[in-house]
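Biologist: Could you take me through one strand up close, and then show me what surrounds it? Please keep it friendly, as I'm new to this.

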Amino acid sequence: MERIIVGLKRVVDYNVRVRVRSDGSGVETDGVKMSINPFDEIALEEALRIKERGEANEVVVVSIGGTECEQQLRTGLAMGADRAILVDAGESVNPLTAAKIFLELANRESSELVILGKQAIDDDNNQTGQMLAALWGRPQATFASKIELNGSSARVTREVDVGLELLDIDLPAVVTVDLRLNEPRYVKLPDIMKAKKKPLDHFAIADLGVDAVPSMTEVSFEPPEQRQKGVIVEDVAGLVSALKDKGLV
Amino acid sequence: MSKILVVAEHDGSSLNPSTAKCLACAVEIPDAEIDVAVFADGGGEIANAAAQLDSVSKVLLIENPANDYPLAAVIAPQLVAIAPGYSHILGPSTTFGKDLMPSVAALLGVNQVSDIMAVLGDHKFKRPIYAGNAVLTIEAPADSPLVATVRTASFKTIGSGNSAAVEQISAVAEIPDHTRFVELRAGKSDRPDLQTASKVVSGGRALGSSENFDIIFKLADTLGAGVGASRAAVDAGYVPNELQVGQTGKIIAPDLYIAIGISGAIQHLTGIKDAGTIVAINKDEDAPIFEVADVGLVADLFQVVPELQETLES
């Protein structure tokens, strides 16, 4: 195929312990490490492997947000993507708006495959890929743990509640990826230098002819209810008696 | 008044318990009339099972050979075809619902409310974000259809004893053939289903091998419990992916959860925070799992788990 599009969302790093601001207006992001959404990194790794197998000619990474998303796009280019597109949106957009942006880019770029993370680890919405497929009128294979291309179609193994599900989908299509699809590569220093020369284009949402959908009202943020630390028992007998006291055994 | 449509989840022969959880969420929406939609091919018994669930006003049965297997690309356009007149369309936050509902939302031109954990009003909900490290109260516009998934672990199952009417209807929609079901590789197990079991025993990386995981299965069988695992144990190949508990696995709320050799990464704790009683067995006394465990035992699991199993057996 000619081209794969991969979405890269800038999110609070996986290892950061997120805290809600004391006034409930959001979560603390000042001075917090930001990274590529881990699922998106897996999506990019898969696209690169497809290209390296000779099954695609070009991998384009796309981010939607403020100028600071260039950092994540540069990382994507250093991993091996050929070029990058930043859709300037000031801040991250809601899933339906993101889906409309990806639809427009998929059409403009004549992309046969769009690979996205199954969810972003900030808003945990898990919507954009499915929405893109629905608006595009093309197949979706969500929560993928294996992708096998077969000319004009793909066989995708999906992680579902009861086990693994295999689907055949015609291309073009949207695949959203789960954790076990692959292990993303580390970026090497020379690649970071090379990535600086790769093209990174900017578009405004309006340039793409996309009407941003209003977001829902975020009324307030609060920390989750904490579970209380319980008792430590000395041995199995203590454990069994604690369980008996609670009527559980 | 709210008119709610709940999408039933089923495997072609029986109704998934997630449907009763969605109904438990739906009844908390004020002043609501609730219908259930069953998309199936030969789904009469499934529809009858749904009709017995409390608070259901009627069950819509949409029979179509294409509905033999639940593909989002096939069900979404049919669901959109029957959506007019409904203010709310709800599905479960299972892999079935997570796959389907955003497609429906997109076709209706709205964003989705993902993972409702509490209902505050007809368009106001609480949902977890950042792997459950924060809870967001969100208000959706009241002038467009509301599409949402329900975090099933946040709701008790609804009762049964109802006898709602079952109505066969047709959903006129163009059904694509670009997506074809090939095969489902389901883990075969006689144990209680992880997502609905009242007791769950989970093992982590400390088990060290799939052979060693047997002590988890043995303990689970003694307790009549379902079996779960941490991501580390699944990634290491000790058990299949469908046993994973946590942010990217299953979110569960058993009465008793026993975490064995699981350190308790935040992504795992997200999956069990609604459990009744959490028991942790780990030899590292500083493991984060002990911060949330109701009962903790600092010990070598290979010693105490067989001992616990034998004690409970006798």
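Modeller: Let's start with strand E7 of chain A, residues 140-150, which is joined to strand E10 of chain A by three bridges, the two running parallel. Strands here are DSSP runs of E with at least two residues, helices are runs of H or I with at least four, and both are numbered from the N terminus. Two strands pair if DSSP finds at least two bridges between them. One of the matched pairs is Ala144(A), whose bridge partner in E10(A) is Val177(A).

Before going on, a word on the model: it is predicted, so to speak, with local features needing pLDDT of at least 70 and side-chain atom pairs counting only at pLDDT 80 or more, while totals for chains, interfaces and linings use all residues. Residues are numbered from 1 along each chain as its sequence is written, and chains are lettered from A and ligands numbered from 1 in the order in which they are written.

Back to E10(A), residues 173-177. Strand E6 of chain A, residues 113-117, also runs parallel to E10(A), joined by five bridges. There, Ile115(A) has Val175(A) as its bridge partner. Now, which way do the residues of E10(A) point? Ala173(A), Val175(A) and Val177(A) point one way, Val174(A) and Thr176(A) the other. That fits a general pattern: in a regular strand the side chains alternate between the two faces of the sheet. Five of the five residues of E10(A) are buried, so the strand is largely enclosed by the rest of the structure. Buried means that 20 or more other C-beta atoms, placed from the backbone, lie within 10 Å of the residue's own (12 or fewer is exposed, in between is partly exposed).

Chain B has an enclosed piece too. Helix H1 of chain B, residues 18-26, has nine of its nine residues buried, so this helix is largely enclosed by the rest of the structure. Among them are Lys21(B), Cys22(B) and Leu23(B).

How do the two chains meet? In all, 65 residues of chain B are in contact with 63 residues of chain A, where contact means C-beta atoms, placed from the backbone, within 7 Å. Strands take part in pairing across the chains as well: E13 of chain A, residues 231-233, and E16 of chain B, residues 295-298, pair in the parallel sense over three bridges. Ile232(A) stands opposite Gly296(B) there.

Definitions and conventions
Contact = placed C-beta atoms within 7 Å.
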